[in-house]
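User: Hey, I'm new to this one. Can you put it up and walk me through it?

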Amino acid sequence: MSRFLPAPWWSLFLLTFWLLLQNSVSFGAVLMGSILAVLIPLYTHRARDYPIKVHKPLVALQYGGILLVDIILSNFNIAAIILRPRKQIQPALIEYPLDISGAVPVTILASTISLTPGTITAELGKDGRSLLIHALNVADPEAAIQEIKQRYERRLQEIFQC
Amino acid sequence: MNELPQWAEWLISFFIILGACFAFIGSLGLLRLPDFMTRLHAPTKNTTLGVGGVILGSILFFSVTDALSLHELLIAIFLFLTAPISAHLLAKAGLHLELKRIESTRDLRKKPEQYSDRDD
């Protein structure tokens, strides 16, 4: 971006963060937050060796919304599995082929998988082209892979164009 | 103590009890689920809604009695950042130590060498 705002999204995040910490939007808090939001990225952006660009901010927002709803649903899902007495569960270790690349998108996808219904990312393949997922209760692993692809990976691909 | 309106009392109680229930179910899951990997699922997911419920209750309480208060959201942000990472590290450790899994676990690895420690 420009010379004084090398990472505008990062700056915006820092400003929001500061205002939340202060728990007010007074003039002083905004001023101090803006100064920090400019200074910290200026100092640290040299250390960022993973340049990312958000191509579709609206899709990113939508992604956040979908994720939030899915997390809430997954909570009820897991609660039901825990509470049902001695129900036979079907765990599986699934290999998930990655279509996206790049440290940040893959990290976001892996975290998403860990946060959503009954799946945890256990390992990244040595070549970085697949994830190993542990699923708590899946009847059809192939369908689970397709769902993650359709719901999350496709959107991440749009957001980061990778 | 400030007086709370009736609707706020109900709403706040609802969120706090919801959060407490989910936090409890998450802990119960640690006890009830059969092996290490499945046990990981309970605390990583259910505590997010557990903490989320308590946070919502707190935001409502302080916003109604005092001024708008949103800094509880930071707790949620940190939780969303850290929960998947700690879950991932624990799962990774469990995988590489080859901990016993219950028999109904299906291992669908097509290329197991991609995930092993051995350099052969």
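User: Which handedness does the crossing of H3(A) and H2(B) have?

Analyst: H3(A) passes H2(B) in a left-handed crossing. Keep in mind that this is a predicted model.

User: At what angle do their axes cross?

Analyst: The axes of helix H3 (residues 57-83) of chain A and H2(B) cross at roughly 130° and come within 9 Å. Angles from 115 to 145 degrees fall in the oblique class, so H3(A) is oblique to H2(B).

User: And which residues meet there?

Analyst: From H3(A) you have A:Ile71, A:Ile72, A:Ser74, A:Asn75, A:Ile78, A:Ala79 and A:Ile82. They meet B:His41, B:Ala42, B:Lys45, B:Asn46, B:Thr48 and B:Leu49 in H2(B). By class, the residues of this contact are 7 nonpolar, 5 polar and 1 charged.

User: OK, zooming out: how many residues of each chain are in contact with the other chain?

Analyst: 36 residues of chain A and 38 residues of chain B. On the chain B side, helix H1 (6-32), helix H2 (36-65), helix H3 (73-96) and strand S1 (106-108) each supply at least two residues. The largest share, 10 residues, comes from H2(B).

User: What's the mix of classes on that side of chain B?

Analyst: The side of chain B that touches chain A has 19 nonpolar, 12 polar and 7 charged residues.

User: Back to H2(B). How does H2(B) pack with H3(B), parallel or antiparallel?

Analyst: Roughly antiparallel. Their axes are 10 Å apart and the angle is about 175°, which is over the 145 degree cut-off for that class.

User: What residues are in that contact?

Analyst: H2(B) brings B:Phe36, B:Met37, B:Leu40, B:Thr44, B:Thr48, B:Val51, B:Gly52 and B:Ile55. Among the H3(B) residues they meet are B:Ile75, B:Leu79, B:Ala83 and B:Leu90. This contact has 12 nonpolar, 4 polar and no charged residues. B:Thr48 turns up here and also in the contact with H3(A).

User: Where does UniProt place a transmembrane region in chain A?

Analyst: The unreviewed UniProt entry puts the feature "transmembrane region" at residues 61-83 of chain A. In the model that span is 100% helix and 0% strand, with its end C-alpha atoms 34 Å apart.

User: New topic: is A:Leu132 buried or exposed?

Analyst: A:Leu132 sits in strand S3 (residues 130-135) of chain A. A:Leu132 counts as buried because it has 23 C-beta neighbours inside 10 Å, and the cut-off is 20 or more.

User: How far is A:Leu132 from A:Ala110?

Analyst: They are 22 residues apart in sequence and 9.6 Å apart in space, going C-alpha to C-alpha.

Definitions and conventions
Residues numbered from 1 in each chain as written. Chains lettered and ligands numbered in written order. Predicted model: local features only at pLDDT ≥ 70, side-chain atom pairs only at ≥ 80, totals over all residues. Contact = placed C-beta atoms within 7 Å. Helix = DSSP H or I, 4+ residues; strand = E, 2+ residues; numbered from the N terminus. Nonpolar A, V, L, I, M, F, W, Y, C, P; charged D, E, K, R; others polar. Axes fitted to C-alpha atoms, helices over the stretch in contact; angles between N-to-C directions. Parallel < 35°, antiparallel > 145°, perpendicular 65-115°, else oblique. Left-handed = near helix turned anticlockwise from the far one by under 90°. UniProt positions renumbered as here; feature names shortened; annotations may be inferred. Buried ≥ 20, exposed ≤ 12 C-beta atoms within 10 Å, placed from the backbone.
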